[in-house]
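Please find below a colleague's note on the model shown here. The points take the protein interface, then one loop residue, then the two DNA strands.

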Number of protein chains: 2
Amino acid sequence: MQISSRFTVALHIFTAVDVFKDDYKVTSDFLAGSIGTNPVIIRKLLTQLKNAGLITVARGTGGIEVTKELSEISFYDVYQAIEPLEGGDLFRFHEAPNPQCPVGRNIHALLDDKLQKIQEAMESEMKKYTLQDLWEGMQDLLAKET
Amino acid sequence: MQISSRFTVALHIFTAVDVFKDDYKVTSDFLAGSIGTNPVIIRKLLTQLKNAGLITVARGTGGIEVTKELSEISFYDVYQAIEPLEGGDLFRFHEAPNPQCPVGRNIHALLDDKLQKIQEAMESEMKKYTLQDLWEGMQDLLAKET
DNA sequence: TGATAATGTAACCGTTGAAATTACAACTAA
DNA sequence: TTAGTTGTAATTTCAACGGTTACATTATCA
């Protein structure tokens with residue numbers, strides 16, 4: 001299973017907010033236009049980001065504020081905000097290994113730490129990238145366009 | 001989205017084959033009993049593992065053979081065999097960013113390398129664990145049981 | 001104060017994939 | 001030939017994603 005596009009959409013949102021916030025009123029309609037999706041999809045995502053404390057959203061008037069320094073919000077923070085993993089586990093485990101079987105009753109003890117390590121490797125790498133990197137990277141790309 | 005339980009089921013299969021192959025005839029029914037699922041689920045997985053060249057399956061008579069040294073098959077090999085990712089990408093990307101928008105037409109260039117790095121971090125960790133580790137780990141756990 | 005514009009949500013739909021299950025053809029060994 | 005096993009098609013159930021419509025709520029401004 002692939003990780004849902006909510007993640008790349010959320011990163012797109014943050015990038016667009018950073019780039020456009022001084023020149024445009026960045027609404028869910030505006031973002032939906034840039035991302036190529038429906039405004040309601042955006043609003044649901046904004047609600048998740050808001051609940052995670054990463055942004056504030058002005059009701060009625062519209063407008064999105066990032067609550068921290070860009071360098072203090074990592075990809076991992078965004079990922080955690082929008083990906084609701086059951087128990088926080090990346091890997092789904094088969095639910096009914098047979099306790100009557102020696103392998104069945106020990107398979108969790110055998111695999112859990114290894115799966116955890118793999119998940120941590122991914123999450124550690126996610127923590128290396130921040131919204132600041134997105135802002136700078138996008139400025140470079142835009143400069144090259146002209 | 002969680003990664004499907006096919007991964008842990010496949011690792012369970014390999015562990016059970018290693019542990020029981022000298023004492024039992026390890027069939028899809030036998031494995032289904034240990035794993036707590038349906039024999040057809042197991043057969044489909046075995047077909048994937050077979051297609052990846054990791055095992056051979058004896059038709060008619062039944063019986064599974066691992067084709068390489070246990071130390072030469074990593075978690076990553078198993079993962080690749082059973083998880084069919086579109087384009088090999090762990091992260092699904094929103095499909096219609098707006099090319100009229102400066103951010104929309106550059107978002108792929110901005111994110112692709114970073115997403116790739118994150119995926120590679122996970123896959124590199126997967127390459128560290130082999131079926132040999134599973135065999136040894138399970139032997140230790142079984143020894144502790146008595 | 002009324003009109004306008006935006007967010008917050010509920011409700012629903014279509015699609016996809018996972019996991020399970022039944023059924024049966026194909027195959028192998030005894 | 002028979003019993004046991006694999007290979008695979010067909011079907012079902014369920015959950016999640018992404019999309020869409022509709023509308024109540026909220027804030028600003030003329």
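**Notes on the predicted model**

1. Extent of the protein interface. In this predicted model, 57 residues of chain A are in contact with 57 residues of chain B. Between them the two chains bury about 5200 Å², and 70% of that area is on carbon and sulfur atoms. On the side of chain A, the residues that lose the most area to chain B are A:M1, A:Q2 and A:V103, which together make up 15% of what that side buries.

2. Polar terms across the interface. The rule finds 2 salt bridges between chain A and chain B. In one of the salt bridges, the side chains of A:R105 and B:E145 meet, with an N to O distance of 2.5 Å. Polar contacts across the interface of chain A and chain B come to 20 residue pairs, both residues being at pLDDT 80 or more.

3. Elements and composition of the chain A side. Four helices of chain A give two or more residues each to the side that touches chain B: α1 (6-20), α2 (28-35), α5 (107-126) and α6 (131-145). The largest share, 12 residues, comes from α5(A). Divided by class, this side of chain A has 33 nonpolar, 14 polar and 10 charged residues.

4. A loop residue in chain B. B:T27 is in the loop between α1 (6-20) and α2 (28-35) of chain B. Is B:T27 buried or partly exposed? B:T27 counts as partly exposed because its relative accessibility is 25%, and the buried class is for values under 20%. The side chain of B:T27 reaches the backbone nitrogen of B:F30 at 3.1 Å. B:T27 and B:G62 are 35 residues apart in sequence, while their C-alpha atoms are 5.9 Å apart in space.

5. Surroundings of DNA strand D. There are 26 residues around DNA strand D, and the ones that come nearest are A:S5, A:R6, A:T37, B:S28 and B:K50. Of the strand D atoms within 4 Å of the protein, 59% belong to sugar or phosphate, and the rest belong to bases. α3 (39-51) of chain A and α3 (39-51) of chain B each supply at least two residues of this surface, and α3(B) gives the most, with 5 residues. By class, the surface near DNA strand D divides into 6 nonpolar, 12 polar and 8 charged residues.

6. Individual distances to DNA strand D. A polar side-chain atom of A:S5 is 2.5 Å from a phosphate oxygen of strand D. For B:K50, an N or O atom of the side chain is 2.6 Å from a phosphate oxygen of strand D. The side chain of B:R59 has an N or O atom 3.4 Å from a sugar or linking oxygen of strand D.

7. Surroundings of DNA strand C. DNA strand C is surrounded by 26 residues, of which A:S28, A:K50, B:S5, B:R6 and B:T37 are the closest. Sugar and phosphate make up 64% of the strand C atoms that come within 4 Å of the protein. The largest share of the surface near strand C, 4 residues, comes from α3(A). This surface has 6 nonpolar, 11 polar and 9 charged residues.

8. Individual distances to DNA strand C. Which part of strand C does the side chain of A:R43 approach? An N or O atom in that side chain is 3.1 Å from a base oxygen. The side chain of B:S5 places an N or O atom 2.5 Å from a phosphate oxygen of strand C. For B:R59, the corresponding distance is 3.5 Å, to a sugar or linking oxygen of strand C.

Definitions and conventions: Residues are numbered from 1 along each chain as its sequence is written. Chains are lettered from A and ligands numbered from 1 in the order in which they are written. Side-chain values use heavy atoms; hydrogens and water are left out. Contact means heavy atoms within 4.5 Å. Buried area is the accessible area (1.4 Å probe) that two parts lose on being put together, summed over both. A salt bridge is a side-chain nitrogen of Lys or Arg within 4 Å of a carboxyl oxygen of Asp or Glu. A polar contact is a pair of N or O atoms within 3.5 Å; within protein, one must be able to donate a hydrogen and the other to accept it, and residues adjacent in sequence count only if both atoms are side-chain atoms. Ala, Val, Leu, Ile, Met, Phe, Trp, Tyr, Cys and Pro count as nonpolar, Asp, Glu, Lys and Arg as charged, and the others, Gly among them, as polar. Buried means under 20% relative accessible area, exposed over 50%, partly exposed in between (1.4 Å probe, protein chains only). A residue is near a molecule or strand if one of its heavy atoms lies within 4 Å of it.
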